Amino acid sequence: MDLELRHLKTVRAIAEAGSLTRAATALGLAQPALSAQLKRIERALGGPLFERSRDGVRATALGDLVLERARVVLPAVCELQEEAVRFAREGASGYRLGGTHGPLLGGLVDRLARTEEEAQVTTYTSWSEREVAGGVVAGRLDFALVGVCGESSPPEAGRLAWTEVARDPVYVMLATGHPLASRAHVELAELASEDWTDVPGDGCFGDCFAAACVRAGFTPARVYETDTASCVHLVQVGRAVGLCRATFPATPGIVTRPLSGAPLLWRHLLGWHPEGRAAGRAPAVLAHARSAHEEALSRSAGRTGAAA
């Protein structure tokens with residue numbers, strides 16, 4: 001067994017507690033489990049680290065040596081972690097953006113590149129809003145551009161500052177030849193017999209959609225959860241209808257229409273760490289994100305379809 005930092009922390013906890021019982025309580029372990037772990041550590045280090053008695057435990061000479069090194073190594077590693085996070089948040093210039101897939105992130109990158117030509121702009125995309133928010137918490141990203149359903153709370157709400165960029169009704173994607181494609185609005189109940197397609201995510205949108213369908217009097221027969229390109233293809237060939245944001249770009253073979261009464265809402269949010277290196281630039285980034293949203297709406301399939 002290779003020695004790990006957690007093993008040094010265990011040895012230190014036993015020495016500080018003075019007994020295996022108290023150390024097990026402090027570590028949240030059962031005493032037999034802690035005893036077994038200590039035996040494995042002692043085998044790895046070549047001898048006993050503690051002398052056991054009815055009064056508790058006392059470090060052996062080997063134990064004193066290990067504890068002496070642990071008092072140096074553990075604080076040093078902790079300091080390294082803190083310095084790495086601090087450097088990630090404060091060290092380099094530029095913008096590190098994280099987001100879920102969609103035209104709004106691309107629009108934000110474009111506006112930052114246009115207004116700050118010398119600034120480096122990098123992006124990280126994921127289907128997981130929680131993963132993107134976690135990157136900001138850890139200092140790997142400066143801003144998170146994600147969406148949530150209705151009034152749902154964003155991920156890491158207690159650790160990040162979140163501001164609404166915009167809110168839109170959720171649209172339905174239809175093939176241009178669909179019987180409802182010529183309508184300005186579509187009732188959700190009119191789609192009761194359809195198969196559906198949507199992109200994955202770890203928010204509550206799927207639950208919100210299911211609840212909206214129940215209120216409309218039906219349960220979706222089938223939902224194909226897949227990537228954006230596959231969703232588009234399934235709609236184009238008439239295999240399914242899909243859900244999309246109002247900013248969904250104009251796409252051949254597809255029209256998008258708002259659902260009557262807006263049974264589903266989508267809130268675009270920008271998040272950042274209040275103590276992050278880019279926190280002071282948040283108002284400017286928020287303004288760019290809102291402008292990017294307006295630009296995306298002007299180019300959207302729904303706006304184009306309505307004009308047609």
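This report describes two helix contacts and one sheet in a predicted model.

## Basis of the description

Residues are numbered from 1 along each chain as its sequence is written. In this predicted model local features need pLDDT of at least 70 and side-chain atom pairs count only at pLDDT 80 or more, while totals for chains, interfaces and linings use all residues, and side-chain values rest on heavy atoms, with hydrogens and water left out.

## Helices α2 and α3

Helix α2 (residues 20-27) and helix α3 (residues 31-45), both DSSP runs of H or I with at least four residues and numbered from the N terminus, have axes that come within 9 Å and cross at roughly 105°; the axes are lines fitted to C-alpha atoms over the stretch in contact, and angles run from 0 to 180 degrees between N-to-C directions. The two helices are therefore roughly perpendicular, a term for angles of 65 to 115 degrees.

Contact, meaning heavy atoms within 4.5 Å, joins Leu-20, Thr-21, Ala-23, Ala-24 and Leu-27 of α2 to Gln-31, Leu-34, Ser-35 and Leu-38 of α3.

## Helices α5 and α9

The axes of helix α5 (residues 103-115) and helix α9 (residues 282-298) come within 8 Å, crossing at roughly 120°.

## The five-stranded sheet

Five strands, in the order β9-β8-β10-β7-β11, form an open sheet with mixed pairing, where strands are DSSP runs of E with at least two residues and two strands pair if DSSP finds at least two bridges between them. Its edge strands, β9 (223-225) and β11 (254-258), each pair on one side only.

Strand β7 (residues 171-175) pairs with β11 in the antiparallel sense over five bridges, and Val-172 stands opposite Arg-257 in β11.

Note on methods
Angles under 35 degrees count as roughly parallel, over 145 as roughly antiparallel, 65 to 115 as roughly perpendicular and the rest as oblique.
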